[in-house]
Each structure stands twice: as C-alpha cells, then as structure tokens.
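I opened this notebook to record what I looked up about charged pairs, one pocket and one surface patch. The entries follow the order in which I went through them.

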Amino acid sequence: MSLRVVVLSVVALSATPAWPQDAVAEAEFLIGIGPDHPAARSTLDRLGEAEAALSRARQLANPRLEYTREQPSADASQDTVTLAWTPPIDGRRGLAIAAARAGRASAEAERAAHLVHVRLLAREAFAAWSQAWERGAAAAQ
C-alpha cells in the first residue's frame with residue numbers, strides 16, 4: 001500500500017499541470033513514466049547485484065602473477081614473469097556462469113514487471129481523476 005502512495009505522489013508531482021487544458025489524454029499523462037522514473041529505479045539494485053554475480057562467475061579462480069630474477073654472475077641474468085590460475089576442470093565454472101545469466105534475466109524481467117505495475121497504478125490514478133473531473137463537469141451543467 002505504501003508503494004501505491006509513493007507512486008501516486010511522484011506521479012502527481014511529475015505530471016504537467018492540467019488546468020490550462022480542457023482535456024488530458026492518458027498517453028500524455030503516462031509519457032513521463034518510463035525506466036528512468038524514480039518509482040521504477042528502485043529495481044536497479046537487484047539488477048546491479050545480478051550483473052556483479054555474473055562478473056564474479058566469469059572470473060578465473062585464484063590467478064597468480066609471479067616474477068623471478070636469476071643472476072648467477074654479473075654478466076648473465078634471467079627475468080621470468082609467470083601468470084597462472086587454477087583451471088576449471090570440474091565444470092562448476094560453466095554452471096555458475098549459466099546460473100548468473102539466469103539471475104540477470106530474472107532481474108531484468110522483475111524490473112520490467114515492476115515498471116508495468118507502476119504504470120498500472122498511474123493508469124488507475126488517471127482513471128479516478130478523469131471520472132471525478134467528468135462527474136464534476138456533469139454536475140456543473
């Protein structure tokens with residue numbers, strides 16, 4: 001219920017004033033409610049967490065960078081740089097990446113569903129306002 005109050009107050013504050021016009025179309029009312037709307041931005045945290053989990057799953061386990069220098073005499077020396085990691089032999093890395101991709105897809109779908117819910121609440125508010133305005137106009141006649 002508090003989400004509805006927040007959405008309605010944000011919509012009321014972000015909507016363009018309707019008093020100089022005779023009629024406001026629903027499309028004009030909903031034009032400002034998109035993915036960047038503050039009520040829809042609340043889902044960005046879960047999407048960011050899913051992206052981070054996918055990035056972690058793609059990383060190689062325990063990378064090591066080693067540098068050694070051998071100098072048996074003043075005239076001879078050898079520098080060796082080694083990059084090594086534990087190879088993903090057991091297949092868990094591929095499964096972790098697949099799971100992280102599914103988590104990201106889930107977060108994206110949840111974000112889209114939340115945006116649809118926010119737009120539905122705004123449409124309900126618009127319908128209530130429009131009916132009240134029509135009743136007031138009919139009563140004035």
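**Entry 1, aspartate 79 and its partner.** I note at the outset that this is a predicted model. I began with aspartate 79, which counts as partly exposed at 44% relative accessibility, and I then looked up which side chain it meets. The partner is arginine 69, and the two side chains form a salt bridge with 2.9 Å from N to O. The pair links distant parts of the chain, since arginine 69 belongs to strand β1 (residues 64–70) and aspartate 79 to strand β2 (residues 78–84), ten residues apart. Arginine 69 is partly exposed as well, with a relative accessible area of 47%.

**Entry 2, the search over the whole structure.** How many salt bridges does a search of the whole structure find? I recorded four. One of them joins arginine 104 to glutamate 51, with the closest N and O atoms 3.9 Å apart, a value that still falls within the 4 Å cut-off. Arginine 104 sits in helix α4 (residues 92–140) and glutamate 51 in helix α3 (residues 44–58), so this pair ties together parts that lie 53 residues apart in sequence. For arginine 104 I noted a relative accessible area of 25%, which makes it partly exposed, and glutamate 51, at 36%, is likewise partly exposed.

**Entry 3, a further pair.** I next looked up aspartate 90, which forms a salt bridge with arginine 92, the closest N and O atoms being 2.4 Å apart. Is each partner buried, partly exposed or exposed? Aspartate 90 is partly exposed, with a relative accessible area of 48%, whereas arginine 92 is exposed, at 60%.

**Entry 4, the second largest pocket.** Both Asp90 and Arg92 turned up again in the lining of the second largest pocket, together with Gln59, Leu60, Ala61, Thr86, Pro87, Pro88, Ile89 and Arg93. I wrote down a volume of about 190 Å³ for this pocket, and its lining residues divide into five nonpolar, two polar and three charged.

**Entry 5, the nonpolar patch.** Leu60, which I had listed for the pocket lining, also belongs to a nonpolar surface patch with Leu65, Tyr67, Val81, Leu83 and Trp85, and together they have about 680 Å² of accessible area. Strands β1 and β2 each supply at least two residues of this patch. I looked up leucine 65 separately: its place is in strand β1, and it is exposed, with a relative accessible area of 67%.

Terms used: Residues are numbered from 1 along each chain as its sequence is written. This is a predicted model: local features need pLDDT of at least 70, side-chain atom pairs count only at pLDDT 80 or more; totals for chains, interfaces and linings use all residues. Side-chain values use heavy atoms; hydrogens and water are left out. Helices (H or I, at least four residues) and strands (E, at least two) are DSSP runs, numbered from the N terminus. Buried means under 20% relative accessible area, exposed over 50%, partly exposed in between (1.4 Å probe, protein chains only). On a 1 Å grid over the protein atoms alone, a cavity is a set of points where a 1.4 Å probe fits but cannot get out, and a pocket is an open set with protein on both sides within 12 Å along at least five of seven lines; lining residues have an atom within 4 Å of a point. Grid points are joined across faces, edges and corners, and a volume is the space filled by probe spheres set on the points. Ala, Val, Leu, Ile, Met, Phe, Trp, Tyr, Cys and Pro count as nonpolar, Asp, Glu, Lys and Arg as charged, and the others, Gly among them, as polar. Patches are made of residues with over 30% relative accessible area and no salt bridge: like charges are joined within 9 Å, nonpolar side chains (Val, Leu, Ile, Met, Phe, Trp, Tyr) within 5 Å. Accessible areas come from the Shrake-Rupley method with a 1.4 Å probe; for residues, only the protein chains shown count as cover.
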